[in-house]
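Student: Could we go through this model together, taking one residue and its surroundings before turning to rings and helices?

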Amino acid sequence: MREPHPSLCGEPSVCHRDQYWTLFALGQGESRRVPAAGPWPSAGLGQAASPPRLRAADTRVLDRVGGWIAQPAGLPTATDPFGGAFVQQWQQALAHVKPWHAYAEALHDALQAEMQALGCGADDPRWLQWEQCCLLLHALQELQLLLLGPRARFQPQAIRDQGVQRLAVLLPQLRVTPARSGEAEQTAAPLASLAGC
């Protein structure tokens with residue numbers, strides 16, 4: 001396998017818009033696009049790959065969903081059947097969403113504390129768990145905006161109907177299940193099921 005071509009800063013990979021890009025010199029007849037799976041390990045180029053970080057947008061959506069849990073009246077009032085469906089499904093799922101959200105908050109806080117102490121690397125499995133939590137949180141926020149947000153009534157009915165179906169698939173995924181050792185661990189179902197709705 002070819003070695004990566006260093007960036008202008010000498011790094012083996014570059015993070016741009018929360019995506020990692022690995023640079024390679026092109027050989028004759030090769031495609032211009034080579035996908036990168038993640039940060040490339042330091043290949044003797046002098047600098048390690050960029051460390052993982054917590055994104056402000058992820059922290060905001062974690063806090064927003066936490067606000068819905070703490071203050072259910074913080075959700076907008078449903079003005080149509082689609083908004084009513086969101087509120088009804090949310091209330092029915094709240095019992096298992098609360099511990100899942102507490103898990104996500106604890107995971108966020110632990111990663112933040114270890115980042116400040118420089119003790120958490122990209123190979124820590126909790127980063128994958130955090131990314132799964134973020135995907136689910138962002139999907140939940142998007143569905144709330146689609147079904148209950150201030151501009152929801154301007155969305156096509158077919159799209160909002162699909163949103164109700166996606167919500168019915170998403171909410172059961174927000175669960176913390178006990179691990180075999182007795183600890184609580186996050187189990188996130190694949191998000192591929194959301195794409196089918």
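**Contacts, rings and packing**

Tutor: The side chain of D58 makes a polar contact (a pair of N or O atoms within 3.5 Å; within protein, one must be able to donate a hydrogen and the other to accept it, and residues adjacent in sequence count only if both atoms are side-chain atoms) with the side chain of R55, at 2.9 Å. This is a predicted model, in which local features need pLDDT of at least 70 and side-chain atom pairs count only at pLDDT 80 or more, while totals for chains, interfaces and linings use all residues. Residues are numbered from 1 along each chain as its sequence is written, and side-chain values use heavy atoms, with hydrogens and water left out.

Student: Is D58 buried or exposed?

Tutor: D58 lies in helix α1, residues 56–70, where helices are DSSP runs of H or I with at least four residues, numbered from the N terminus. Not counting residues up to four places away in sequence, D58 touches W130, C134 and H138, contact meaning heavy atoms within 4.5 Å. Buried means under 20% relative accessible area, exposed over 50% and partly exposed in between, with a 1.4 Å probe and protein chains only. Because its relative accessibility is 3%, D58 counts as buried.

Student: Which residues do ring pairs link into a cluster?

Tutor: The structure holds three aromatic pairs, where rings of Phe, Tyr and Trp (its six-membered ring) pair if their centres lie within 6.5 Å, and planes under 30 degrees apart count as stacked, over 60 as edge-to-face and the rest as tilted. The rings of W68 and F86 have centres 6.2 Å apart and planes at 85 degrees, so this pair is edge-to-face; W68 lies in helix α1 and F86 in helix α2 (residues 81–116), so the pair ties together parts 18 residues apart in sequence. The rings of F86 and W90, with centres 6.4 Å apart and planes at 10 degrees, form a pair that is therefore stacked. The cluster linked by ring pairs is thus W68, F86 and W90.

Student: At what angle do helix α3 and helix α4 pack?

Tutor: In α3, L136, A139, L140, L143, L146 and L147 meet I159, R160, G163, V164, R166, L167 and L170 in α4. Axes are lines fitted to C-alpha atoms, for helices over the stretch in contact, and angles run from 0 to 180 degrees between N-to-C directions. With their axes 10 Å apart, helix α3 (residues 125–148) and helix α4 (residues 157–170) pack at an angle of about 145 degrees.

How values were computed. Helices (H or I, at least four residues) and strands (E, at least two) are DSSP runs, numbered from the N terminus.
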